[in-house]
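Student: I have just opened this structure and would like a guided look at it. Could you walk me through some of its parts?

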Amino acid sequence: MAEEKFHSGFVALVGRPNVGKSTLMNAVLGEKVSIVSAHAQTTRNKITGVWNGKNSQVVFLDTPGMHKPQSKLGQVIRQSTVDALEEVDVIVFICACDDPLGAGDRYILSLLKDKKVPVVLVLSKIDLIKKDMLLKKIGQYSRIHPFSEIIPLSARSGENLKEFTTVLERYLPEGSKYFPDDMVTDQPERNIVQEIVREKLLLRTREEVPHAIGVFTEEFSERENGKVYIRCTIYVERDSQKRIIIGRKGTLLKEAGQEAREEIQNLIGAPVFLDLWVKVSRDWKNKDYILRELGYKEHK
């Protein structure tokens with residue numbers, strides 16, 4: 001028998017904020033690569049996740065949710081998503097079943113209409129609606145764009161996840177692997193650390209400091225005692241936000257740091273000393289030098 005040909009390629013996950021892009025990628029990979037919280041616009045950078053099939057490799061770009069920019073940071077985030085659409089072999093447009101089809105979805109579809117690559121619609125969170133409503137959703141979206149495939153799924157329950165990867169394999173070009181089998185992400189450990197810290201803070205601050213938090217890994221070094229010393233600066237915009245982040249008698253920052261430290265230890269397989277500092281930098285989201293420090297490309 002002839003050997004089955006290998007296929008590989010890049011797949012962009014796009015959609016409005018908080019539709020479950022990061023949750024879907026983490027569920028497919030079986031590991032946590034991209035941070036998840038109840039806040040919209042949690043993902044700020046393109047996070048690359050690698051999934052390996054029997055004769056295929058899918059490289060996911062989990063892009064930030066599309067939104068109207070309100071700052072230089074917002075402009076950078078939006079441009080990151082637009083750039084991703086030029087780099088991929090397949091575009092996956094994700095919509096949450098429990099959200100109505102809105103202007104934000106139509107705006108994203110307007111960016112996709114002239115793309116030469118397959119556009120696959122994923123209707124996520126199908127565990128939240130009844131089947132008759134799901135069928136109406138499928139019909140509604142089918143009328144506004146000629147999708148290559150429509151896949152209803154639930155990242156939470158795992159329903160149709162296998163079908164999702166099977167469809168992607170079908171559209172990948174023939175080619176060799178981009179990454180070795182044991183590589184799940186191309187993100188440097190420093191970047192993953194600051195994303196973990198930011199997630200733990202977002203989970204605890206709810207609506208109080210939604211997107212005023214930026215985290216930068218200042219130091220990442222192994223000490224003589226075998227511990228890994230990590231020092232992160234947490235940027236906020238106002239003194240009141242600093243007080244919220246630190247919490248009463250430092251409890252919020254301590255709890256977030258403890259949870260982040262445990263997750264980082266599991267990630268790198270070594271004991272960690274995590275040193276967190278909170279710094280007020282007014283309007284940091286519009287300061288180029290801070291955006292560069294935090295790893296965001298400068299918006300052109």
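Student: Which residues of E4 point one way, and which the other way?
Tutor: Happy to help, and do keep in mind that this is a predicted model. In a regular strand the side chains alternate between the two faces of the sheet. E4 shows two such sets, all of them buried. One way point Val90, Val92, Ile94 and Ala96, and the other way Ile91, Phe93 and Cys95.

Student: How many residues of E4 are buried, and what follows for the strand?
Tutor: Strand E4 covers residues 90-96. The rest of the structure largely encloses E4, because its buried residues number seven of the seven.

Student: Which residue of E4 is the bridge partner of Ala12?
Tutor: Start with strand E1, residues 7-14, which pairs with E4 in the parallel sense over four bridges. Within E4, the partner that Ala12 bridges to is Ile91.

Student: And in E5, what is the bridge partner of Ile91?
Tutor: E4 and E5 run parallel and are joined by six bridges. One pair of opposite residues is Ala96 with Ser124 in E5. For Ile91, the bridge partner in E5 is Val119.

Student: Which helix joins E4 and E5 in a β-α-β unit, and what is the handedness of that unit?
Tutor: The helix of this unit spans residues 103-112 and is called H3. Together, E4, H3 and E5 form a β-α-β unit that is right-handed.

Student: Are the two faces of E5 covered or open?
Tutor: Look at each side of E5 in turn. On one side Val119, Leu121 and Leu123 are buried, and on the other Val120, Val122 and Ser124 are buried too. Six of the six residues of E5 (residues 119-124) are buried, so the strand is largely enclosed by the rest of the structure. Both faces of E5 are covered.

Student: Which residue in E6 stands opposite Val122?
Tutor: Strand E6, residues 149-152, pairs with E5 over four bridges in the parallel sense. E5 and E6 also belong to a right-handed β-α-β unit with helix H4, residues 131-142. Opposite Val122 in E6 is Ile151.

Student: Moving to helices, at what angle do H6 and H8 pack?
Tutor: H6 takes in residues 189-205 and H8 residues 251-268, and their axes lie 9 Å apart. Their crossing is right-handed. The packing angle is about 145°.

Student: How many nonpolar, polar and charged residues make the contact of H6 with H8?
Tutor: From H6, the residues that meet H8 include Ile192, Ile196 and Lys200. From H8, Leu253, Ala256 and Glu263 are among them. By class, the contact has twelve nonpolar, one polar and seven charged residues.

Student: Is Ile244 buried or partly exposed?
Tutor: Ile244 sits in helix H7, residues 239-246. Its C-alpha atom is separated by 7.4 Å from that of Thr205, although the two are 39 residues apart along the chain. Buried would need under 20% relative accessible area. Ile244 has 25% relative accessibility, so it counts as partly exposed.

Student: Last one: what percentage of the protein's residues count as buried?
Tutor: The protein as a whole has nine helices and nine strands. Among its 300 residues, the share that counts as buried is 48%.

Methods. Residues numbered from 1 in each chain as written. Predicted model: local features only at pLDDT ≥ 70, side-chain atom pairs only at ≥ 80, totals over all residues. Heavy atoms only, no water. Axes fitted to C-alpha atoms, helices over the stretch in contact; angles between N-to-C directions. Left-handed = near helix turned anticlockwise from the far one by under 90°. Contact = heavy atoms within 4.5 Å. Nonpolar A, V, L, I, M, F, W, Y, C, P; charged D, E, K, R; others polar. Buried < 20%, exposed > 50% of the residue type's maximum accessible area, 1.4 Å probe, protein only. Pairing = 2+ DSSP bridges. Right-handed = clockwise from strand over helix to strand, strands pointing away.
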